[in-house]
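Please open the structure in your viewer and keep the sequence beside it. The tour proceeds by selections, each followed by a short account of what is found there.

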Amino acid sequence: MNERYAREKLASVCKMLYDRQLTVSAGGNMSIRIGDSEVLITPSGRNKGLLQPEDMVLIGTDGSVLSEGKPSIEHRFHLALYNANPDTGAVVHCHPLHCTTLAVRNEPIKCNITPEGVLLLGSVPMIGYFTPGSQELVDAVAEHSDARAMLMARHGALTQGRTLEEAYNRMEELEFQARLQLLVGDVEDLPADEIEKLSRM
């Protein structure tokens, strides 16, 4: 992928996440793969609604910083997902209110109550709380690298996708499912045979 295009796309999606209130202020971090060994990621400590294409930081999949700027403190768990999944083209981590509500409660999210939840998200693990930026958090994310989405206890949410749009869509759907769960309360999953049918689609 062309680096200039990737910078523009990442800035655009950051603004969408901010405008949709899926993240606030400097919270969260987003990245996009631009080659076999390079990734663009949001800079540390910057408001996601104000980022410009030139603000994104180019890093190697080995963790080396290849451009000006300081990459997000969480860049290592992004790299863990890219290195584990050759098909992953983008990673989105942010702090959507309803997802974070469940994460603070340590309440698992139920994504099998609507067809869209099954199709876009599948099973969503809750990983334990670890200090942001720590190796323990990197290891916990890496342990669930096959998940399309995950909640992070007392922290927020994380999605990955083949494209930036897919990772964004999964985050938007994850927040919708969290909000729905909080609104409807205790509700049964779709029937097991329907979940199986949807999972094969």
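The stops below concern a predicted model, and they pass from the nonpolar cores to helix pairs and then to two loops.

**Stop 1: the nonpolar cores**

Begin by selecting Leu 17, Leu 40, Val 92, Ile 109, Val 124, Leu 151 and Leu 174, which have the most contacts inside the largest nonpolar core, a set of 32 residues. Next, colour the elements that each supply at least two residues of this core: helices H1 (3-19), H3 (97-105) and H6 (164-184), together with strands E1 (29-33), E4 (90-94) and E6 (149-152). In soluble globular proteins, nonpolar side chains tend to be buried together.

Now centre the view on Leu 40. Leaving aside residues up to four places away in sequence, Leu 40 touches Glu 3, Ala 6, Arg 7, Leu 10, Met 30, Ser 31, Ile 32, Ile 34, Met 56, Val 57 and Leu 58. A second core, separate from the one above, has 19 residues, among them Ile 41, Ala 80, Tyr 82 and Val 91.

**Stop 2: helices H1 and H6**

Display H1 and H6 alone. Their axes come within 11 Å and cross at roughly 10°. Because of this angle, H1 counts as roughly parallel to H6, the cut-off being under 35 degrees. On the H1 side, select Lys 9, Leu 10, Val 13, Met 16 and Leu 17; on the H6 side, select Leu 164, Tyr 168 and Met 171; these residues make the contact. By class, the contact of H1 with H6 has seven nonpolar residues, one charged residue and no polar residues.

**Stop 3: helices H2 and H5**

Move to H2 (residues 75-84) and H5 (residues 135-143), which pack at an angle of about 25° with axes 9 Å apart. H2 and H5 are therefore also described as roughly parallel to each other, and H2 passes H5 in a right-handed crossing. Select Arg 76, Phe 77, Ala 80 and Leu 81 of H2, which meet Gln 135, Leu 137, Val 138, Val 141 and Ala 142 of H5. The residues of this contact comprise seven nonpolar, one polar and one charged.

**Stop 4: two loop residues**

Which residue in the loop between H1 and E1 should be selected next? Choose Ser 25, which is found in that loop. Ser 25 has a positive phi of about 50° although it is not a glycine. Ser 25 counts as partly exposed because its relative accessibility is 44%.

Finish at Asn 106, in the loop between H3 and helix H4 (115-120). Asn 106, likewise not a glycine, has a positive phi of about 60°. Most residues other than glycine have a negative phi.

Technical notes. Residues numbered from 1 in each chain as written. Predicted model: local features only at pLDDT ≥ 70, side-chain atom pairs only at ≥ 80, totals over all residues. Heavy atoms only, no water. Axes fitted to C-alpha atoms, helices over the stretch in contact; angles between N-to-C directions. Helix = DSSP H or I, 4+ residues; strand = E, 2+ residues; numbered from the N terminus. Parallel < 35°, antiparallel > 145°, perpendicular 65-115°, else oblique. Left-handed = near helix turned anticlockwise from the far one by under 90°. Contact = heavy atoms within 4.5 Å. Nonpolar A, V, L, I, M, F, W, Y, C, P; charged D, E, K, R; others polar. Core = buried A, V, L, I, M, F, W, Y, C linked by side-chain atoms within 4.5 Å. Buried < 20%, exposed > 50% of the residue type's maximum accessible area, 1.4 Å probe, protein only.
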